[in-house]
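Welcome to a short set of exercises with worked solutions. Please keep the sequence and the model in view as you go through the steps.

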Amino acid sequence: DAAALARQLDRGLAGLQLPATAVSDEAGYRWCGPLLDVLAERDLPLFIHPGPAAGPPAGGPAWWAALVPYVQQLHAAWFAFRAYGRPAYPRLRVCFAALAGLAPLHGERLAARGGADPLARGVLDSRMFAETSSYGHRAVDSVLRVLGVDMLVFGSDRPYAQPQPCVGSGNAADYAIRVANPARLLGQPAPMRADDLAVRAR
């Protein structure tokens, strides 16, 4: 309901969240197109989060959904956006929860299989972001090495899990992930770092 979305955005909401299952293929982008048109017109961001998932197999562990279908959904949504979403919405800012299911780490495989996606050639998209969720330093560092620091934003799995420290506290990468990148995702100016303010004051 694009009109209902517009009314909610008029109230001051920051953007739209869609389940990864809604935008995991070309048909999903056609179906969600009217909503994405509203976001694009207003220059507001899209947040892609795991959608509904079946419970664990009989007798399976409680963590199954978070580790298997959620990750699979985000993985599919990342590549669907690259294939269908970005060509249709070249300026849309989008953020994927949980490091997009670690899909960015498969760029080399995409390149090896002949994928024409610019990311396979190391060309980054400054309007695509990946949120850290409950991932810690090792996973965040791996994705950072592929995407660069400017595409990561700090997040958490509250109330299911506490946020994890993802980079060293107080350094430039930490500021980018926790402050500057989230501001850019939301279309807002980032406040200056305390170190920069101190230098300017001198």
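**Exercise 1. Follow strand E1 and state which side chains point to which face, and which of them are buried.**

Solution. Begin with Leu16 and Leu18: these two side chains share one face of E1 and are buried. Then take Gln17 and Pro19, which point to the other face and are not buried. The side chains along E1 therefore alternate, with buried meaning under 20% relative accessible area. Keep in mind throughout that this is a predicted model.

**Exercise 2. Find the partner of E1 and describe how the chain travels between the two strands.**

Solution. Start with the pairing: E1 and E2 run in the parallel sense and are joined over four bridges. Next, look for residues that face each other. Leu18 stands opposite Ile48 in E2, and Pro19 is opposite His49 in E2. Finally, trace the connection: from E1 the chain passes through H2 to reach E2, a β-α-β crossover that is right-handed.

**Exercise 3. Repeat the side-chain analysis for E2, then find its parallel partner E3.**

Solution. Along E2, Leu46 and Ile48 point to one face and are buried. Phe47 and His49 point to the other face and are not buried. Now turn to the pairing: strand E2 (residues 46-49) and strand E3 (residues 94-96) are parallel, with three bridges between them. Here Ile48 has Phe96 in E3 opposite. As a last step, add the helix: H2 packs on the sheet and touches E1 and E2, with its direction at about 170 degrees to that of E1.

**Exercise 4. Give the strand order of the sheet and name its edge strands.**

Solution. The sheet is open and has five strands in the order E1-E2-E3-E4-E5, with parallel pairing. Its edges are strand E1 (16-19) and strand E5 (152-153), each of which pairs on one side only. To set the sheet in the whole chain, count the elements: there are eight helices and five strands. In sequence order they give the pattern α-β-α-β-α-α-β-α-β-α-β-α-α.

**Exercise 5. Is Val94 buried or exposed, and which residues does it touch?**

Solution. First place the residue: Val94 lies in strand E3. Its relative accessibility is 0%, so Val94 counts as buried. Then list the neighbours, leaving out residues up to four places away in sequence: Val94 touches Leu46, Ile48, Phe81, Arg127, Met128, Phe129 and Leu185. Compare sequence with space, too: Val94 and Leu16 are 78 residues apart in sequence, with 9.6 Å between their C-alpha atoms. For the chain as a whole, contacts between residues 24 or more positions apart make up 69% of those with a separation of 6 or more. Buried residues account for 38% of the 202 residues.

**Exercise 6. How many aromatic pairs does the structure hold, and how are two of them arranged?**

Solution. There are four aromatic pairs in the structure. For Tyr29 and Phe81, the ring centres are 6.3 Å apart and the planes meet at 55 degrees, so this pair is tilted. The pair joins distant parts of the chain: Tyr29 belongs to helix H2 (residues 26-42) and Phe81 to helix H4 (residues 69-88), 52 residues apart. Both Tyr29 and Phe81 are buried. For Trp63 and Trp64, the centres are 6.3 Å apart and the planes are at 25 degrees, so the pair is stacked. Check the exposure of Trp64 as well: at 28% relative accessibility, Trp64 is partly exposed. To finish, look for a cluster: Tyr29, Trp78, Phe81 and Phe96 form one aromatic cluster.

**Exercise 7. What sits over the ring of Phe154?**

Solution. Go to the ring of Phe154 and look over it: the charged end of Arg178 sits there, 4.0 Å from the ring centre.

**Exercise 8. Where is Ser142 found, and how far is it from Leu105?**

Solution. Ser142 is found in helix H6 (residues 137-147). Its relative accessible area is 30%, so Ser142 is partly exposed. Ser142 and Leu105 are 37 residues apart in sequence, and their C-alpha atoms are 7.5 Å apart in space.

Terms used
Residues numbered from 1 in each chain as written. Predicted model: local features only at pLDDT ≥ 70, side-chain atom pairs only at ≥ 80, totals over all residues. Heavy atoms only, no water. Phe/Tyr/Trp six-rings, centres within 6.5 Å; stacked < 30°, edge-to-face > 60°. Buried < 20%, exposed > 50% of the residue type's maximum accessible area, 1.4 Å probe, protein only. Lys NZ or Arg CZ within 6 Å of the ring centre and 35° of its normal. Pairing = 2+ DSSP bridges. Contact = heavy atoms within 4.5 Å. Axes fitted to C-alpha atoms, helices over the stretch in contact; angles between N-to-C directions. Right-handed = clockwise from strand over helix to strand, strands pointing away.
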